[in-house]
Amino acid sequence: MGHRNLWALLAATLLMLVVIALQRDDEGAGLSSEVLFSDLKLRSPSLTRITVSRGEAPKIELRLSHGQWMLTSEHGYPADTLPVTELLRNLGEAKKLEAKTANPEFHARLGLAEPDSAEGAATLLTLKFTKGKTLKLLVGNAGQSGGQLVRMPGDNQVWLIDKPLLLPSTDMDWLNNEILNLPLDRIQSLTVKRADGQTITVQRDSAEQINFAVAELKDATLDNRLVNGMPNTFTVLGFNEVVPRDQLSLAGKPALSFELKTFAGDSLTGELFEQAEQPWLRLGELKTAKEGSVLKLTAPEGWLFRLQPYQYQALNQPLSALKAKAAEPAQ
């Protein structure tokens, strides 16, 4: 190919690239790289409250106290740091990618209708700062290819931002509802004292032993599913509701008390009460081994925890239920 033809080919290629670039610029006329909240990072140390409200659903409010986010509706129980941290980080970094519709008739289908609307209501996110500054944002559906659809209150313009804004819809979703997380192979024994006077001790000699034995049923054939289910309750122990100890009176004697021990030498005691047909847990003394301790509570002290009924049932098994049922004779 001659030099003249080569230069002509290069010129044509360059012209084509310029045309494509101009087309892209024209197509992207609605694009933006503007930061959503330019002053959020600067003011975040003075952020004191986060409020999430949508329609008739109960308002969710978190407040900052001594460096810890607390959930107001749950008596100030500590919030899970993960969703709060992720929300604030994404808000501080979010940029407007593209201007969408400004027609209010289309807001509902984008989840950005007014918060009190019957359908397609937006979630109103409010950030309050110590110096009187308040930032508000209406949060709608997630973008089709990522990001989030949002708009400012009083402004019909919808924007696609480049960060997802995950807003849990219930109080409990903002909490870390885990009380204890303990691998089953670390549990050596569990002693349960029932209200009827029975004491049941499930135990094993080593972590390699798959099934727990029952000290009070040495010669019996056991229902391993029920026996193992008792200590297995503590591998991931969570709650459904939480109340400060001084705000709920647990009357009468406990339905059961327990002592959990690990191979490392840790131990934990506690009591379960029936209140309005619901099981409430009151933790007792936690003793940890000087070396190699594996038993650590996720929940703070000073609280009562409502458990799931199945957790209570797993612990409250009578001795008779732990025996394996005899096989029915063949017909």
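**Aromatic pairs, hairpins and salt bridges**

Modeller: In this predicted model, Y77 is buried, and W303 is buried too.

Biologist: How many aromatic pairs does a search of the whole structure find?

Modeller: The search finds four aromatic pairs. In one of them, Y77 pairs with W303, with 4.8 Å from centre to centre and 85° between the planes.

Biologist: Why is the pair of Y77 and W303 called edge-to-face?

Modeller: Ring centres must lie within 6.5 Å, and planes over 60 degrees apart count as edge-to-face. The centres of Y77 and W303 are 4.8 Å apart and their planes stand at 85°, so both conditions are met and the name follows. The pair links distant parts of the chain, since Y77 belongs to strand β4 (residues 77–78) and W303 to strand β19 (residues 303–306), 226 residues apart.

Biologist: What makes the pair of F234 and F258 tilted?

Modeller: The centres of F234 and F258 are 5.0 Å apart and the planes make an angle of 55°. Planes under 30 degrees apart would be stacked and those over 60 edge-to-face, so an angle of 55° is left as tilted.

Biologist: Why does the pair of F234 and F258 tie together parts that are apart in sequence?

Modeller: F234 lies in the loop between α4 (224–232) and β14 (236–238), whereas F258 is in strand β16 (residues 256–262), so the pair joins parts that are 24 residues apart in sequence.

Biologist: How do you know whether F234 is buried or exposed?

Modeller: Buried means under 20% relative accessible area. F234 has 1% relative accessibility and therefore counts as buried. F258, at 6%, counts as buried as well.

Biologist: Which residues do ring pairs link into a cluster?

Modeller: The cluster consists of Y77, F239, W303 and F305.

Biologist: What makes K96 a charge over the ring of W159?

Modeller: The charged end of K96 sits over the ring of W159, 4.7 Å from its centre. The distance limit is 6 Å, so 4.7 Å satisfies that part of the criterion.

Biologist: Why are β2 and β3 said to pair?

Modeller: Two strands pair if there are at least two bridges between them. Strand β2 (residues 60–65) and strand β3 (residues 68–71) have four bridges and run in the antiparallel sense, so they meet the condition. In one of these bridges, S65 is partnered by Q68 in β3. The two strands form a hairpin with two residues between them, and H66 in the turn has a positive phi of about 55°.

Biologist: What makes β3 and β4 a pair of strands?

Modeller: Two bridges join β3 to β4, which are antiparallel; the requirement is at least two, so these strands pair. L71 has Y77 in β4 as its bridge partner. Their hairpin has five residues between the strands, and H75 in it takes a positive phi near 60°.

Biologist: Why does T235 count as buried?

Modeller: T235 has 15% relative accessibility, under the 20% limit, and therefore counts as buried. T235 is placed in the loop between α4 and β14, and its side chain reaches the backbone oxygen of N232 at 2.7 Å. Among the residues T235 touches are L180, P183 and L184.

Biologist: Why is Q311 called buried?

Modeller: Its relative accessible area is 5%, so Q311 falls under the 20% limit. Q311 lies in helix α5 (residues 309–315), and its side chain reaches the backbone nitrogen of Q308 at 2.7 Å.

Biologist: Why is the contact of R306 with E241 called a salt bridge?

Modeller: The nitrogen and oxygen must be within 4 Å. The side chains of R306 and E241 meet at 2.9 Å, N to O, so they satisfy this limit. This pair links distant parts of the chain, with R306 in strand β19 and E241 in strand β15 (residues 241–244), 65 residues apart. R306 is buried, with a relative accessible area of 18%, while E241, at 30%, counts as partly exposed.

Biologist: How many salt bridges does a search of the whole structure find?

Modeller: The search finds nine salt bridges. One of them joins R194 to D196, with the closest N and O atoms 2.6 Å apart.

Biologist: Why is D196 called partly exposed?

Modeller: Partly exposed lies between 20% and 50%. D196 has a relative accessible area of 48% and so belongs in that class, whereas R194, with 16%, is buried.

Definitions and conventions
Residues are numbered from 1 along each chain as its sequence is written. This is a predicted model: local features need pLDDT of at least 70, side-chain atom pairs count only at pLDDT 80 or more; totals for chains, interfaces and linings use all residues. Side-chain values use heavy atoms; hydrogens and water are left out. Rings of Phe, Tyr and Trp (its six-membered ring) pair if their centres lie within 6.5 Å; planes under 30 degrees apart count as stacked, over 60 as edge-to-face and the rest as tilted. Buried means under 20% relative accessible area, exposed over 50%, partly exposed in between (1.4 Å probe, protein chains only). A charge sits over a ring if NZ of Lys or CZ of Arg is within 6 Å of the ring centre and within 35 degrees of the ring normal. A polar contact is a pair of N or O atoms within 3.5 Å; within protein, one must be able to donate a hydrogen and the other to accept it, and residues adjacent in sequence count only if both atoms are side-chain atoms. Contact means heavy atoms within 4.5 Å. Lists of a residue's contacts leave out its neighbours within four places in sequence.
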